[in-house]
Every structure is written in C-alpha cells, then in structure tokens.
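Let's take a friendly walk through the strands and one helix of this model. Have the viewer open as you read.

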Amino acid sequence: MESSHFVNDKPLNLLFEVDASPLVGFGHAGRCIRLAEKIAADRDDVRFIFRGDRKGGARDRISRSLPGVQILAAGTTATTDVSVLDTMGDPEEPDDWNEARLSMLSRSSKAVVFLSSGRTPPATSTYENVT
C-alpha cells in the first residue's frame, strides 16, 4: 500500500492509553484494537503504541492483533502525535476521571481523543488539545 500521509517523512505516532484486567474488563482494549486495525488497513504510516495497566493475558491479545505494536507500562513517558484515552478510572465510579492521566497525555501529545463509557466526560477546558 502506498501512503501519502507521512508528515516530514516520519510515521504518525498513535498512542492508545487503555487498561485491561479482570476487574475493568477487556472492552476498552478491544475497542482500541478494532480502531487500530481499521486505521492500519487504511494507512501504512502509523506506529501504534498501547500504554496502560494490563493483566490476564491482555498484553498477548494486543500483540497478536497488532504485530509490531509497542506496549508500554502505565506511566511510561511517550511523546506522540495523537493519543486516544479509553479507560474507566474507577469501576465503582465510572464518571471519576484520572486527572493526572489526562494531564500527562495533554503534555505529551499534539492531540488527545477521549472515548468514554461513563455518562459524564471529564472537564477538558484545562486541556486545550483534549476532545
């Protein structure tokens, strides 16, 4: 596949900030894998990075689904072009967002996309690049 999407001859760095464990489930990671697979089918210039807490075989599932993906532990620094945050901060309080995580993404990425399972999105007014 030929791509015309390269920016300055560099691939697009796309980070998925997502957790997966028996407690929070695998739905967030599964949704991000499907999104990454769709993007990979349309573009050959994207470097995928998954970061977050993973337990119960989630790392293997992500690696099998996206060959060449870079997998980082939660809190590991990564500078990216676009970050996708798809997580539930607290399964008991799904509308309670991790402000430290949002702040870290806002500082390390040119743009942040927020996917929510909760009813109330976080207050993003303090993060100019979070949508």
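## The sheet and its neighbours

In this predicted model, five strands form an open sheet in the order β3-β2-β1-β4-β5, and their pairing is parallel. Strands β3 (70-73) and β5 sit at the edges, each pairing on one side only. On average, neighbouring strands of the sheet are turned by 20° against each other, with direction ignored. As a reminder, strands of a sheet pair through backbone hydrogen bonds, either parallel or antiparallel.

Let's turn to β4 and its two pairings, set out below.

| Strand pair | Sense | Bridges | A bridge partner pair |
|---|---|---|---|
| β1 (residues 12-18) and β4 | parallel | five bridges | glutamate 17 and leucine 85 |
| β4 and β5 (residues 109-115) | parallel | six bridges | threonine 80 and serine 109 |

How is strand β4 placed with respect to the rest of the structure? Six of the seven residues of β4 (residues 80-86) are buried, so this strand is largely enclosed by the rest of the structure.

Next comes helix α3, which spans residues 99-108. Which of its residues are buried? They are Arg101, Leu102, Met104, Leu105, Ser106 and Ser108. The buried residues of α3 pack against β1, β2 (46-52), β4 and β5. A general point helps when you look at such a list: an α-helix has 3.6 residues a turn, so residues three or four places apart point the same way.

Strand β4 thus links the two parts of this tour: β4 pairs with β1 and with β5, and β4 is among the strands that the buried residues of α3 pack against.

Conventions. Residues are numbered from 1 along each chain as its sequence is written. This is a predicted model: local features need pLDDT of at least 70, side-chain atom pairs count only at pLDDT 80 or more; totals for chains, interfaces and linings use all residues. Side-chain values use heavy atoms; hydrogens and water are left out. Buried means under 20% relative accessible area, exposed over 50%, partly exposed in between (1.4 Å probe, protein chains only). Helices (H or I, at least four residues) and strands (E, at least two) are DSSP runs, numbered from the N terminus. Two strands pair if DSSP finds at least two bridges between them. Contact means heavy atoms within 4.5 Å. Axes are lines fitted to C-alpha atoms, for helices over the stretch in contact, and angles run from 0 to 180 degrees between N-to-C directions.
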